[in-house]
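Let's take a friendly walk through a protein model together. Have the sequence and the 3D view ready, and follow along heading by heading.

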Number of protein chains: 2
Amino acid sequence: MTTKRWKIVIEYNGGAYYGWQKQPDVPSIQQAIEEALYKFCQQKIAVQAAGRTDAGVHAWGQVAHFDLDYGDRSLTGYDLAKAINAHLRPAPISILHAEEVDNEFHARFGAHNKMYQYRIVNRAGFLGLDQGRVWHINRALDAGAMNEAAQVLLGQHDFSTFRDAQCQAKNPVRTLDRISVTARPYDAHGGQEILIEAEAMSFIHHQVRNIVGTLILVGEGKWSADDLRAALEAKDRTKGGVTAPAEGLYLVRVEYNV
Amino acid sequence: MTTKRWKIVIEYNGGAYYGWQKQPDVPSIQQAIEEALYKFCQQKIAVQAAGRTDAGVHAWGQVAHFDLDYGDRSLTGYDLAKAINAHLRPAPISILHAEEVDNEFHARFGAHNKMYQYRIVNRAGFLGLDQGRVWHINRALDAGAMNEAAQVLLGQHDFSTFRDAQCQAKNPVRTLDRISVTARPYDAHGGQEILIEAEAMSFIHHQVRNIVGTLILVGEGKWSADDLRAALEAKDRTKGGVTAPAEGLYLVRVEYNV
């Protein structure tokens, strides 16, 4: 028995893909990586990710695992990453790191913290350089008010208000460990970039995007922090704001206990 | 006589364009803006930029000017920018700012300082998210050594070693006011981003890209600062390094005395 489990860290531009998960007839990140693995070792290997990012969502640090039988030959993480990358090119997907892990390691069920970033460009002018990478909002947003209100979401809650109808999780209760909203200059003419960061052990489907779409109401001055709390407590998706577009969302990192 | 001169600040992703300058049969930034202006006012208006960026080069703050006869109607910079942007969409070009200027204002000849940035991602793994926006180099680079050596280029020099054969400037002498090379983490697995910034009143053709391509030799440890100085003093393009790819270059801002 020479099968070994590998953990990989993956960066990708989700713009050209129908999300992480393999589906018939459309390109997916998972399929691209599995095909690259097949070219490398002629084995059909299933790759399991920490989180199944949606169509258009990007990753700076997605994590996945798979089992590979490489016989008695030695294989370093560096060489494995290099080989997969060679077969992935020119796809906008890069294996940043590969390491052999214990057979108990599970990218999805073993994760104890995930961090997402959501990028908004807030200015009148349309996007030049960052099309497909941020959400453009031209109405002025108050990032300070968004940050203050967002803190009512901290801790353990039933997040049904921010849960997509197609969410497959049995339970809408999650524990949000950190959420922050910060602003910085984006261009030299008053445009600002608003960065929303959220950390939790796990998220329900569309949770970050639905939270962002709702925080916009606070940023526009239409909602107070109390309104946000009332929406959360309603446990009703129709009480929340819009689903922010996928293209502004980045899975930044996934942490494990080992 | 109701013609007024306007200054505009433009952000663009140069990846899909054959550079700033209008040419037959290929898309250019200039043509896209002139066509948008035509749709707005039904006038064929020539737009003059501060610098004619090459194919693939990006801009966070290109500046241009043009003359527009809008009759006696009032027109604010905000409304003009908005109107041009509406006609530009969905092109990755955005007018960030428009203002009426004196008829003496000239985007190219009036500029007293231009700042370019050049972005390198230095790591083993290929590019995921930043394809078309940075130069990927997998051999390890020493940004500190590059920064130290780069200072020999400061001041007034004959920059023929860094001048493209097609450069139309009469004189290869330029004054480099600032150059810096800095590094920062790019990913969580040792990848670094190296940022080169250069400021001057004006540059000769490919000057920044040729300097960057030569500084790489220093970063790799093949060249010392003295080697760079000798290359500069040779005033001979064949003594310099490669031309760095266009996609890592950004025209960040252009300054005027008024």
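## Where the two chains meet

How many residues of chain B are in contact with chain A? In this predicted model, 29 residues of chain B touch 29 residues of chain A. On the chain B side, the elements that each give two or more residues are β1 (3-12), β3 (58-69), α2 and β4 (93-101). Of these, β4(B) gives the most, with five residues.

What kinds of residues sit on that side of chain B? Sorted by class, the side of chain B that touches chain A has 13 nonpolar, 11 polar and five charged residues. It is also worth asking whether the copies use the same surface. They do: 100% of the interface residues of chain B are also interface residues in chain A, so the copies meet through the same surface.

## How one chain maps onto the other

Try picturing one chain being turned onto its partner. A turn of 180° with a shift of 0.0 Å along the axis lays chain B on chain A, with an RMSD of 0.0 Å. That is the relation of a two-fold axis. To find the axis from chain B, look for Asp130(B): its C-alpha is the one nearest the axis in that chain, at 5.3 Å.

## Two domains in chain A

Now stay with a single chain. The domain assignment of chain A gives domain 1, covering 3-101, and domain 2, covering 112-256. The C-alpha centres of these two domains of chain A lie 28 Å apart.

The two domains of chain A also touch: 14 residues from domain 1 and 10 residues from domain 2 take part in the contact. On the domain 1 side, the residues that touch domain 2 of chain A are six nonpolar, seven polar and one charged.

## Helices α1 and α2 in chain B

Two packed helices are described by the angle between their axes and the distance between the axes. Here is a pair to try this on. In chain B, helix α1 (residues 29-41) and helix α2 (residues 77-88) have axes that come within 8 Å and cross at roughly 110°. An angle from 65 to 115 degrees counts as roughly perpendicular, and α1(B) and α2(B) are therefore roughly perpendicular to each other. Their crossing is right-handed.

Which residues meet here? From α1(B) come Ala32(B), Ile33(B), Ala36(B), Leu37(B), Lys39(B) and Phe40(B), and from α2(B) come Ala83(B), Ile84(B), His87(B) and Leu88(B). By class, the residues of this contact of α1(B) with α2(B) are eight nonpolar, one polar and one charged.

## Helices α3 and α4 in both chains

The next pair can be followed in each chain. In chain A, helix α3 (residues 143-150) and helix α4 (residues 207-219) pack at an angle of about 125°, with their axes 8 Å apart. α3(A) and α4(A) are therefore oblique to each other, and their crossing is right-handed. Ala143(A), Ala145(A), Met146(A), Ala149(A) and Ala150(A) in α3(A) face Leu215(A), Val218(A) and Gly219(A) in α4(A) across the contact. These residues divide into seven nonpolar, one polar and no charged.

In chain B, the axes of α3 (residues 143-150) and α4 (residues 207-219) come within 8 Å and cross at roughly 125°. The helices α3(B) and α4(B) are therefore oblique to each other, with a right-handed crossing. Among the residues making this contact are Met146(B) of α3(B) and Leu215(B) of α4(B).

## Backbone details to look up

Finish with a few spots in the loops. In chain A, a cis peptide bond joins Arg89(A) and Pro90(A), with omega about 5°. Pro90(A) sits in the loop between α2 (77-88) and β4 (93-101) of chain A. Chain B has a cis peptide bond between Arg89(B) and Pro90(B), where omega is about 5°, and Pro90(B) is in the loop between α2 and β4 of chain B.

One more residue to visit is Lys235(A), which has a positive phi of about 50° although it is not a glycine. Where in chain A is Lys235(A)? Look in the loop between α5 (225-234) and β10 (249-256) of chain A.

Notes. Residues are numbered from 1 along each chain as its sequence is written. Chains are lettered from A and ligands numbered from 1 in the order in which they are written. This is a predicted model: local features need pLDDT of at least 70, side-chain atom pairs count only at pLDDT 80 or more; totals for chains, interfaces and linings use all residues. Domain bounds come from an automatic or database domain assignment. Two residues are in contact if their C-beta atoms, placed from the backbone, lie within 7 Å. Ala, Val, Leu, Ile, Met, Phe, Trp, Tyr, Cys and Pro count as nonpolar, Asp, Glu, Lys and Arg as charged, and the others, Gly among them, as polar. Copies are superposed by least squares on the C-alpha atoms of residues with pLDDT of at least 70 in both. Axes are lines fitted to C-alpha atoms, for helices over the stretch in contact, and angles run from 0 to 180 degrees between N-to-C directions. Helices (H or I, at least four residues) and strands (E, at least two) are DSSP runs, numbered from the N terminus. Angles under 35 degrees count as roughly parallel, over 145 as roughly antiparallel, 65 to 115 as roughly perpendicular and the rest as oblique. A crossing is left-handed if the near helix is turned anticlockwise from the far one by less than a right angle, and right-handed if clockwise.
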